[in-house]
Amino acid sequence: MLSCPMPAGGSVAGAPCCRLSASHRSTERTARHPTDVTDAQWVKLDPLLPDPSCLSGRGGRWEGHCRRLLDALRDRVRLAEGREAAPSAAIVDSQPVRAAETVGRATRGWDGGKKVAGRKRRIVVDTLGLLLAVLVTPASTQDRVAARSLLRRMRDTAGGRVRLVWADGA
């Protein structure tokens, strides 16, 4: 069984990185930020992720990388493109998404501009389109209010190097 040693951030060296660790390449993982998911947290999160379709006989490929290593993969892609690992610029946007009636009222809202009842997904990407941060709020939450939390998440993920953020008028 392949494993991803995780010496910091509440991780145990040599412990399997996820329940699918036998199917992907071993990757060195170290805690980079205080918000990194610890092993104890990952034990609770991993079962909530859907299994790859190849496990259920619906075809598809095995995952080539650990589900915990988004930051490491983003850094690799940026370095392969001749960029610094940590981005210096980002793009932020939001999109309202209709929510079913089964979604609790506390997490739904009304976006008067788009006339949508539901939630708003807000993302920050680097200039290559690689994901830096995600925030889901009720659709009624104003962009300027949600931006504080979203940009804080981005700072924790991108390492504080971002100096320029493009956003729409809101």
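Fourteen residues, given as 14 in the count, line the second largest pocket, and Val92, Asp143, Ala147, Ala167 and Asp168 are the ones nearest its centre. The structure is a predicted model. This briefing covers that pocket, a nonpolar patch on the surface, and one exposed loop residue, Ala106.

**Second largest pocket**

- The volume of the second largest pocket is about 190 Å³.
- Strand S1 and helix H3 (143-158) each contribute at least two residues to the lining of this pocket.
- Helix H3 makes the greatest contribution to that lining, supplying six residues.
- Sorted by class, the lining of the second largest pocket comprises eight nonpolar residues, five charged residues and one polar residue.

**Nonpolar surface patch**

- Leu70, Ile123, Leu131, Val134 and Val136 together form a nonpolar patch of about 380 Å² on the surface.
- Strand S4 (residues 131-138) provides the largest share of the nonpolar patch, namely three residues.
- Another member of the patch, Leu70, belongs to helix H2 (residues 70-80).
- Leu70 has a relative accessible area of 46% and is therefore classed as partly exposed, since that class lies between the limits of 20% and 50%.

**Ala106 and its loop**

- Ala106 is located in the loop that connects strand S1 (89-98) with strand S2 (109-111).
- The relative accessibility of Ala106 is 73%, so this residue counts as exposed, the cut-off being over 50%.
- Between Ala106 and Thr137 the C-alpha to C-alpha distance is 9.8 Å, while the two residues are 31 residues apart in sequence.

Technical notes. Residues numbered from 1 in each chain as written. Predicted model: local features only at pLDDT ≥ 70, side-chain atom pairs only at ≥ 80, totals over all residues. Heavy atoms only, no water. Patch = residues over 30% accessible without salt bridge, like charges linked within 9 Å, V, L, I, M, F, W, Y side chains within 5 Å. Areas by Shrake-Rupley, 256 points an atom, 1.4 Å probe, with all protein chains shown as cover. Salt bridge = Lys/Arg side-chain N within 4 Å of Asp/Glu carboxyl O. Helix = DSSP H or I, 4+ residues; strand = E, 2+ residues; numbered from the N terminus. Buried < 20%, exposed > 50% of the residue type's maximum accessible area, 1.4 Å probe, protein only. 1 Å grid on protein atoms, 1.4 Å probe; cavity = no way out; pocket = protein on both sides within 12 Å on 5 of 7 lines; lining within 4 Å. Points joined across faces, edges and corners; volume = space filled by probe spheres on them. Nonpolar A, V, L, I, M, F, W, Y, C, P; charged D, E, K, R; others polar.
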